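This report introduces a protein chain to a reader who has not met it before. Please look over the sequence and the structure shown here before reading on.

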Amino acid sequence: MRARPAGVIAFSLAATFLLAGCSFSSSPDAADQAPAGDPKDPASWVLPLQAFMPTEQEYGQLSQAKKILVGDCMKGFGFSWVPAPDLPRVGPKTLTDWRYGIHDMALSKERGYKPDAKEQEAYDAAVEKGAVDGTTADGPDARALDGRIKEVDGKKVPEGGCVGAANKEINANALQARAALDLANAAFVKSKQDPEVVKAFSGWSECMKRSGYDYEQPLDASDDPRFGVPEVSSEEIATATADITCRQKTEVAWIWFQAESALQKRVIEDHAEELSSERRSIEASVRKASKIVTGK
């Protein structure tokens, strides 16, 4: 999916999996049935291809199972391994929250294009504290973890280390949902060429020009290099609030979302077999993870 607006730090990788950001439907049929959400709240919008992507709960289940498997593997080599704590979330709360740009006027009056200050502080504090696992950077435990050594005290280390073995056991690669993500990325790019979206972009751009800002497309403003620094400037706040005002007048995000949704529905029809197969693989991985977590 598209990179977040300037200043937003990606979700934690320490939890082993990236969170998709919202509870998606696990049924492919929901691609046609899922409600679009509140037109005034992008965080509530649901794109058709999300039906084929892992849910947040599924990521969590796989993450928990992986930690168990890695811990058992490391214990087998005589290492006491502690998984890294999950980093706090920062920025968008769902896949669509900031997909088409910012929309929270109250937040932008304080932070411009940047996420909530308390969220950012919590994230930065966790990183500074050291959200890492209990291994030393280059010790035998770390090498057994990632497979940089072949054996420990004569005991063979699995290919890719304990992490690799865990990934293989639960087929973690299934959660990458490459087909769904690639199709979604392509639809996002193509949606910008939709006539209604082009018209909305033009309306937004003209609105911004009346406020003294020269940007061709909505995301050009949030991606302005001037706003890619940690500090929030008065210029950034002024730009962001003008941006949201013009978004509200032109309904550009809603028009864009509707166009991308239509494109996604068409590609689902064209790739139904591939997407359904991918979704079944995800569900199989989650079932296996569930058994590991529950011990059943």
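The following paragraphs describe the overall fold, the aromatic pairs and one pocket.

**Overall fold**

The model is predicted. Its chain contains 12 helices and two strands. From start to end of the sequence, these elements follow the order α-α-α-α-α-β-β-α-α-α-α-α-α-α. The chain has 296 residues, and 44% of them are buried. Among the contacts with a separation of 6 or more, 77% join residues that are 24 or more positions apart. About 15000 Å² of the chain is exposed, and 51% of this area comes from carbon and sulfur atoms.

**Aromatic pairs**

Across the whole structure, 10 aromatic pairs are found. One of them is formed by W45 and W254 in an edge-to-face arrangement, with 5.2 Å from centre to centre and 65° between the planes. Because W45 belongs to the loop between α1 (30-33) and α2 (56-76) while W254 belongs to helix α11, this pair ties together parts that are 209 residues apart in sequence. Is W254 buried or exposed? The relative accessibility of W254 is 19%, and buried means under 20%, so W254 counts as buried. W45 is also buried, at 2% relative accessibility.

A further pair consists of Y113 and F227, which are stacked, with 5.7 Å from centre to centre and 25° between the planes. This pair, too, links distant parts of the chain, 114 residues apart. Y113 is found in the loop between α3 (105-111) and α4 (117-129), and F227 in the loop between α9 (218-222) and α10. Y113 is buried at 0% relative accessibility, and F227 is buried at 1%.

The relative accessibility of these four residues is set out below.

| Residue | Relative accessibility |
|---|---|
| W45 | 2% |
| W254 | 19% |
| Y113 | 0% |
| F227 | 1% |

W45 and W254 also take part in one aromatic cluster, together with Y100, F188, F201, W256 and F257.

**The second largest pocket**

Rolling a probe the size of a water molecule over the atoms shows where empty space is left. The second largest pocket holds about 330 Å³ of space. It is lined by 13 residues, of which P39, K40, R247, Q248 and E251 are the closest to its centre. Which helices each supply at least two residues of this lining? They are α10 (234-250) and α11 (252-270). By character, the lining residues comprise eight nonpolar, two polar and three charged. Helix α11, which contributes to this lining, is also the helix in which W254 of the edge-to-face pair lies.

Terms used. Residues are numbered from 1 along each chain as its sequence is written. This is a predicted model: local features need pLDDT of at least 70, side-chain atom pairs count only at pLDDT 80 or more; totals for chains, interfaces and linings use all residues. Side-chain values use heavy atoms; hydrogens and water are left out. On a 1 Å grid over the protein atoms alone, a cavity is a set of points where a 1.4 Å probe fits but cannot get out, and a pocket is an open set with protein on both sides within 12 Å along at least five of seven lines; lining residues have an atom within 4 Å of a point. Grid points are joined across faces, edges and corners, and a volume is the space filled by probe spheres set on the points. Helices (H or I, at least four residues) and strands (E, at least two) are DSSP runs, numbered from the N terminus. Ala, Val, Leu, Ile, Met, Phe, Trp, Tyr, Cys and Pro count as nonpolar, Asp, Glu, Lys and Arg as charged, and the others, Gly among them, as polar. Buried means under 20% relative accessible area, exposed over 50%, partly exposed in between (1.4 Å probe, protein chains only). Contact means heavy atoms within 4.5 Å. Accessible areas come from the Shrake-Rupley method with a 1.4 Å probe; for residues, only the protein chains shown count as cover. Rings of Phe, Tyr and Trp (its six-membered ring) pair if their centres lie within 6.5 Å; planes under 30 degrees apart count as stacked, over 60 as edge-to-face and the rest as tilted.
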